Amino acid sequence: MNANEMYEYVERIANLIRTSVRKTGLASGLQPVQMEALHYLSRCNRYSNTPVAVAEFLGLTKGTVSQTLGVLETNGLVKKETDSRDRRVVHLHLTHEGEDVLQSSIPPTVLNSALTVLPEGERVQMERSIERLLLSLQRANGLKTFGPCRTCVHHQHLGGAERRCGLTREMLSDGDAQKICREHLPPP
Ligand code: SF4
């Protein structure tokens, strides 16, 4: 497949998914960018739930992110917490209401139903190809990967269920291993 065809397919798929998320978001009074920020915060780890990381992940300016997070906070969907070691840093956590909004919207029904008609083998193959394409795009553009912690070069298995981040030297839980991270570094 050439880049033109790929662009057309990806663009149309992204539009369909975005339209579906927009519809469900509007039912909760949220704009697509607010849904995207909420979704990011639901799956990032404790090093990545800051306004700066949200801006990096979504490719937005600090001003836009500040407005977006303000709306989420006013609507009771996220709450702020000051970092215990650095009072200048603020962490953002989803409230139960925020989790409820996401549960009814993501993944979008349109994508779920489309995937269920594909054979399991095809879905797995497609997921791998899309993952590689995303990594390649991020590398080519010098962007952070924001990948899942378990796939990071700093992720250390210490035996049994024990895990540690080689960068921060802090222990990680099984749940942490699944989350995405701003400091994620994929294997070469
Ligand atoms: S191991 Fe990598 S992805 Fe996991 S917390 Fe550390 S830097 Fe982040």
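## Strand pairing

Strand β4 is joined to strand β5 (residues 171–172) by two bridges, and the two run antiparallel. Strands (E, at least two residues) and helices (H or I, at least four) are DSSP runs, numbered from the N terminus, and two strands count as paired if DSSP finds at least two bridges between them. The model is predicted: local features need pLDDT of at least 70 and side-chain atom pairs count only at pLDDT 80 or more, while totals for chains, interfaces and linings use all residues. Residues are numbered from 1 along each chain as its sequence is written.

β4 (residues 162–165) also pairs with β3 (residues 155–159), in the antiparallel sense and over four bridges. The result is an open sheet of three strands in the order β3-β4-β5, with antiparallel pairing. β3 and β5 are its edge strands, each pairing on one side only.

## Bridges and hairpins

Between β3 and β4, His155 stands opposite Cys165 and Gly159 opposite Glu162. These strands form a hairpin with two residues between them, and Gly160 in the turn has a positive phi of about 60 degrees.

Arg163 has Leu172 in β5 as its bridge partner. The hairpin of β4 and β5 has five residues between the strands, and there Arg169 takes a positive phi near 65 degrees.

## Ligand surroundings

The residues around the ligand (C-beta atom, placed from the backbone, within 6 Å of it) are Asn45, Tyr47, Cys149, Cys152, His154, His155, Cys165, Leu167, Thr168, Cys181, Glu183 and His184. His155 and Cys165, both in this shell, are the residues that stand opposite each other in β3 and β4.

By class, six residues of the shell are nonpolar, five polar and one charged. Ala, Val, Leu, Ile, Met, Phe, Trp, Tyr, Cys and Pro count as nonpolar, Asp, Glu, Lys and Arg as charged, and the others, Gly among them, as polar.

## Helix α3

Helix α3 (residues 51–58) has Ala53, Val54 and Phe57 as its buried residues; buried means 20 or more other C-beta atoms within 10 Å of the residue's own, all placed from the backbone. They lie on the same side of α3 because they cover an arc of only 105 degrees around the axis, taken from the directions from the helix axis to the C-beta atoms.

The buried residues of α3 pack against α2 (32–43) and α4 (62–74), with contact set at C-beta atoms within 7 Å. Gly59 follows α3 and has a positive phi, near 65 degrees.

## Nonpolar cores

A nonpolar core is a set of buried Ala, Val, Leu, Ile, Met, Phe, Trp, Tyr and Cys residues joined through C-beta atoms within 7 Å. The largest has 20 residues, and Leu38, Leu41, Leu69 and Val78 have the most contacts inside it. At least two of its residues come from each of α2, α3, α4, β2 (90–94) and α5 (96–103). α2 gives the largest share, four residues. Another core lies apart from it and has five residues, among them Cys149, Cys165, Leu172 and Cys181.

Methods:
Buried ≥ 20, exposed ≤ 12 C-beta atoms within 10 Å, placed from the backbone. Contact = placed C-beta atoms within 7 Å.
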